[in-house]
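Hi there,

Here is the structure I promised to pass on. Please open it beside this message, and my notes on what turned up will follow.

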Amino acid sequence: MPVRVVDTATPSSQPSSGQDANAGHPSPPSCSLLSAGRCYAGTQNVSNIQKEEAWKVNVRIHGCDLEQGYLCGTMEALNVPLADTPVVTFWEGEIVDAKNYTFFTGKWEASPEDDIRHWSKFPSFTPLLSQIETDGGKSVDLSNYAYIFMRWKEQYFVNVGVDCGLTIAGFYYVCFSCSDGSISGYYYDPNSSPFQKLELKCTNEKDSGFTFSSYELQCQLQHQLGSGVVNFALVMLPCIPQIGLNKGHESPRGLA
C-alpha cells in the first residue's frame, strides 16, 4: 500500500537476486484460495507515534505461477488521507519456496536481520526458524506446509501520479493461510513506521453479492518465466466489499 513520503530522501533499493534456484525443491502446495481472480479485503495499520490510523484495503490477484514462485495483483487503499479517490497500485510477488526464492530478501534495503525480525512476527514461521538460521532455509520443505510465505513489492501507481505525495519504496512480508485464505503482512521501509500490519480475508466466494468499485484497470505485464515470456492482461473489474474500519487499530504513518 502506498506510504506517505517523509521529509528525508528515500534511498533507492539495491536490487540483487539474493535467491538460490535449488532445483530439487517442490513448489508450495497448490491452493484454490491463492489464484488469479481471488479478492481479499481488510485493513492496514499505518499508525505512528503521533496518530493512530488504519486504511481499508482491497487486493486482487491477477496472475499466479507457483512453479516459478511468481504472482502479481493490484492493491486498493480506500480511505487514504489527502487522496480524492482510492489509491491503486500494481504489485509483484515472490513466493518463498527455497527453489526460486528463499526467506532472505537480498534487496530493497532489507538485511538478513530485517528478514528474520519480520518473518518471526508470524507464529507459523516459528517452527522453521532453527532450520532457517542453520542453512538459510535451503533444506526446508514447504510443499505441504499449511502456510505460504511471500514478499509483495508495489511497482507503480495505477490511478494517481508519482507526485501524489505517497511512496511505494517498501515491500510486504506476507503469510498466507491455505486453510481459509487469510493474509497477514508487515510492511517494511526503513523510512516508514515499522511493522505496519496488513490483515486481509478472502472475500469473493460465489454468490456473495458484493458491491464493487466503479472503475476498470487495463494494462499489460510481460514477466520473464524461465525461457519464455508470459503476458498478463490485467483487468481490475470491481474489486471487493468495503469492510468496516476497526477503530481500535487506526494508525498513521504514511501510506504503506
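Lys-99 is a good place to start: its relative accessibility is 9%, which is under the 20% cut-off, so this lysine counts as buried. Please keep in mind throughout that this is a predicted model. The partner of Lys-99 is Glu-67, and the two form a salt bridge in which the closest N and O atoms are 2.7 Å apart. Glu-67 sits in the loop between strands S3 (54-65) and S4 (70-77), while Lys-99 sits in the loop between strand S5 (87-95) and helix H1 (112-119), so the bridge ties together parts that are 32 residues apart in sequence. Unlike buried Lys-99, Glu-67 is partly exposed, with a relative accessible area of 48%.

How many salt bridges are there? The count comes to five. Another of them joins the side chains of Glu-94 and Lys-107, at 2.5 Å from N to O. This pair also links distant parts of the chain, with Glu-94 in strand S5 and Lys-107 in the loop between S5 and H1, 13 residues apart. Both Glu-94 and Lys-107 are buried.

A salt bridge within helix H1 brings together Arg-117 and Asp-114, again with 2.5 Å between N and O. Arg-117 and Asp-114 are three residues apart in the helix, so about one helical turn separates them. The background here is that an α-helix has 3.6 residues a turn, so residues three or four places apart point the same way. Which of the two is buried and which is partly exposed? Asp-114 is buried at 11% relative accessibility, whereas Arg-117 is partly exposed at 41%. There is also a network: salt bridges with shared partners join Glu-94, Lys-107 and Arg-151.

Staying with H1, its buried residues are Asp-114, Asp-115, Ile-116, His-118 and Trp-119. What do they pack against? Their neighbours are helix H2 (129-135) and strands S6 (147-157), S8 (171-177) and S9 (183-188).

Now for the aromatic side chains, where the count comes to 20 pairs. The ring centres of Phe-103 and Trp-119 are 5.4 Å apart and the planes are at 85°, so this pair is edge-to-face. Phe-103 belongs to the loop between S5 and H1 and Trp-119 to helix H1, and the two are 16 residues apart. Each is buried: Phe-103 has a relative accessible area of 2%, and Trp-119 has 0%. Phe-122 and Tyr-186 also have their ring centres 5.4 Å apart, but with the planes at 55° the pair is tilted. Since Phe-122 lies in the loop between H1 and H2 and Tyr-186 in strand S9, this pair ties together parts that are 64 residues apart in sequence. Phe-122 is buried at 3%, and Tyr-186 is buried at 9%.

Two lysines also lie over aromatic faces. Lys-107 is over the face of Trp-108, at 4.5 Å from the ring centre. Lys-121 is over the face of Phe-195, at 4.3 Å from the ring centre.

Strand S4 deserves a look too. Eight of its eight residues are buried, so the strand is largely enclosed by the rest of the structure. Tyr-70, Cys-72, Thr-74 and Glu-76 make up one covered side, and Leu-71, Gly-73, Met-75 and Ala-77 the other. Strand S4 pairs with S3 in the antiparallel sense over eight bridges, and S4 and S5 pair in the antiparallel sense over eight bridges as well. Ala-77 shows both pairings: Val-57 stands opposite Ala-77, and Ala-77 stands opposite Val-87 in S5. The hairpin of S3 and S4 has four residues between the strands, and there Gly-69 takes a positive phi near 65°.

Finally, a word on confidence. The chain has a mean pLDDT of 75, and 67% of its residues reach 70 or more. Among the elements, S8 has the highest mean (97) and strand S12 (residues 228-235) the lowest (40). Two stretches stay under 50: residues 4-23, for which the model has 52 contacts beyond four places in sequence, and residues 206-256, for which it has 157 such contacts.

Best wishes

Conventions: Residues are numbered from 1 along each chain as its sequence is written. This is a predicted model: local features need pLDDT of at least 70, side-chain atom pairs count only at pLDDT 80 or more; totals for chains, interfaces and linings use all residues. Side-chain values use heavy atoms; hydrogens and water are left out. A salt bridge is a side-chain nitrogen of Lys or Arg within 4 Å of a carboxyl oxygen of Asp or Glu. Buried means under 20% relative accessible area, exposed over 50%, partly exposed in between (1.4 Å probe, protein chains only). Contact means heavy atoms within 4.5 Å. pLDDT is the predictor's confidence in each residue, from 0 to 100. Rings of Phe, Tyr and Trp (its six-membered ring) pair if their centres lie within 6.5 Å; planes under 30 degrees apart count as stacked, over 60 as edge-to-face and the rest as tilted. A charge sits over a ring if NZ of Lys or CZ of Arg is within 6 Å of the ring centre and within 35 degrees of the ring normal. Two strands pair if DSSP finds at least two bridges between them.
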